[in-house]
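Trainee: Could we go through this assembly together, one question at a time?
Mentor: Happily, let's bring it up.

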Amino acid sequence: MDKDQLSAYLTDKSEGKLTLLEVGRHDPIFKVEASQLIEVCTWLRDDEQLKFDFLCNLSGVDTGEQFEVVYQLASTSKSLRVDIKVILPYDGAEIESVQKVWAAANWHEREMWELYGINVKNHGKLEFLLLPEDWDEGFPMRKDWDAPDFIRMPEF
Amino acid sequence: MGLIKKLPVYTEKMPGGGIVMTSLEAALHNAQAKSLWYLLFGTACCAIELMCTGASRYDFDRLGMIFRATPRQADLIIAAGTITKKMAPRLRLLYDQMAEPRYVIAMGGCTIKGGPFYYDSYSVEKGIDHIIPVDVYIPGCPPRPESLLEGCITLQEKIKKQSLLDWQEKD
Amino acid sequence: MSDLRTEEYYLNMGPHHPSTHGVCRMVLKMDGEKVKEIEPHIGYLHRSIEKICENRTYAQCIPILDRFEYVTAMSCNYVFALAAERLASIEVPERAEHIRVIMLELNRIASHLLFYGVTAMDIGALTPFLYGLRERESILDLFEMTCGQRLTYNYIRVGGVSRDLPNGFIPKCHEALNTIEKKLADYEGLLNENPIWLVRTVGIGVLPAKVALDYGVSGPCLRASGVQYDLRRNDPYSIYDRFEFDIPVRHNGDCYDRYLLRLDEIRQSIHIVRQALDALPEGDFKAKVSPNFKPPAGEVYARIENSRGELGVHVISDGTKKPLRVKTRGASYNHIAVLPAFATDVLLADLVAIFATMDVIMPEVDR
């Protein structure tokens, strides 16, 4: 299955739950609603043609207006790659944990929670992972974050 | 005397006998400078260069430097690599566990002033000299093994020049 | 005897521990000398590389990403350059692609040699450390004559490489490869049939393929568990599809297999470098790219196979000269995360062996 066939297959079989986005430059990127995330992820993992059994990466993104959560998936048996993107509002961003689908998501979600402040439902262990235990300066990866000892590189 | 005659390196023929006179300070500090045992404290890139310096080609041992895994047996802490805010209290703790006299070498740009992580970083401690006192700074990112050797020789020179009064407990 | 009982206790290992290859802390729940539960604590080297990259131009990101995975810094350079090239649709000259493959594979060999030395030292043998690092120096010499640095190269740039191969590189490279190939027999002679080594590694820390995939384990650790998955074949990048090489696979998934697999990979990498050196064409070594180039808005996840596994970088461009988001993914991150799932009910000393053969390196985890 090449990239175009994969896009067509996903658009076709997902019953409207996956929408192709134009931003993907190498692999197709699909948008999914936060409420349908688990259902879609389980289908992507279990479908006989797809078998996305490998979660490469999970990134939280702050675009300045909204949060995005991007799941990079790969299929080891079929050599496929696809990205799934969930768009969340800036206030009260919350997403369901995909740990039950791919256990690899655990630490990525904890990291996203501490660095961006995106709440992860049903995670089970939301504790600081990378930041010090006594960190109280907010969510450092947000675009508007600032602190007294944070030195920005001068423009030149 | 028979033994001493077999060891011409260590004694010199002196008029009227074979006795070498020296001060306690010089003898002690020479011995101390030639047997600096360093703590294996590597956090980042510099740790790889520290390992290379300890391995075949550069051979740290010839300076009398042997790695120790525990701070209780170490005289020297080579802070090799970035110290983050989360790691800083642990570095202080390790330093406190070492016995006097103890020395610190700050290896690499990160330990001097944050290095490449000075700007735009929220988690890097900008210089270890606000955590522990530093004797020798070695710039570089990472410093070559030759610079590390040079830094250690500089520290040895410093030790040889100190006086016994420096051994007193400092606050 | 019936009133003898054991009590569980907690043991803190790290963050400063010689066998954790950096600064990883593990809180272990122990029963006697058996490890019952592992809870890794990471973040002691969290240097906020991702935040820094958001405030740098694309060209400035590359030296920062050198520090992301310093043992194979070439692959970090490469993966970011690859992402930027895909974003901006930059064509890379043939000669540059060949030089890149040479550098990536040499770096893989250097990394595996370091693995060989350090792992053996963790398990208690000091001589392999001296052997492995001796041959690694010959590769570092090659890098040094090419780009002037031993560890953090900043050599592979967006659009090509920063400078051409120096005079005399090719014969010296052949010489280094021949030496390493010859010395590999020595390495294997030291450990492969060494009874102490066998007792410490065979059957220890078996990682089942299903657990490995579930937790995102990649690279040699995954292949040692019997899954043939190598991005050089399964998601080809650069010009790897032109070279002939095998993907070594082993099936037991224990420490011994993970160790053997890396030695096999050294042989394959030597084979690839030789082919690339023979096929090296004349021509430009860099495409013309402005240092402040602005890729069109879009996003890409580039991933390559480095010596530890899948090294990925997710770059989002908003059309300005700085990336909107750079998320790095190192293989070691998953290799530590999987420890609680399979490395339980082992002796504490075996945990050190497992940790060492997973070839974890901390900056990749903490970033």
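The talk below turns to a sheet, a helix and two interfaces.

Mentor: A word on conventions: this is a predicted model, in which local features need pLDDT of at least 70 and side-chain atom pairs count only at pLDDT 80 or more, while totals for chains, interfaces and linings use all residues. Residues are numbered from 1 along each chain as its sequence is written, chains are lettered from A and ligands numbered from 1 in the order in which they are written, and side-chain values use heavy atoms, with hydrogens and water left out.

Trainee: Which strands are at the edges of the open sheet in chain C?
Mentor: Strands are DSSP runs of E, at least two residues long, and helices are runs of H or I, at least four, both numbered from the N terminus. Two strands pair if DSSP finds at least two bridges between them, and here the antiparallel order is β1-β2-β3-β9. Pairing on one side only marks the edge strands, β1 (8–13) and β9 (346–347) of chain C.

Trainee: Which residue stands opposite C:Val35?
Mentor: Strand β3 (residues 34–41) of chain C pairs with β9(C) in the antiparallel sense, over two bridges. Opposite C:Val35, in β9(C), stands C:Val346.

Trainee: How far does helix α5 of chain C reach from its first C-alpha to its last?
Mentor: Helix α5 covers residues 127–147 of chain C, 21 residues. The expected span is 1.5 Å times one less than the number of residues. The expected value is 30 Å, and the helix comes close to it, reaching 30 Å.

Trainee: What area is buried between chain C and chain A?
Mentor: Contact means heavy atoms within 4.5 Å, and 46 residues of chain C touch 52 residues of chain A in this way. Buried area is the accessible area (1.4 Å probe) that two parts lose on being put together, summed over both. Carbon and sulfur atoms give 51% of the total, which is about 3,900 Å².

Trainee: How far apart are the closest N and O atoms of A:Glu111 and C:Arg367?
Mentor: A salt bridge is a side-chain nitrogen of Lys or Arg within 4 Å of a carboxyl oxygen of Asp or Glu. Between chain C and chain A there are five. In the one joining A:Glu111 to C:Arg367, the closest N and O atoms lie at 2.3 Å.

Trainee: Which residue of chain B forms a salt bridge with C:Glu144?
Mentor: Chain B brings 35 residues to its contact with chain C, which brings 39. This interface has five salt bridges. With closest N and O atoms 2.7 Å apart, the partner of C:Glu144 is B:Arg144.
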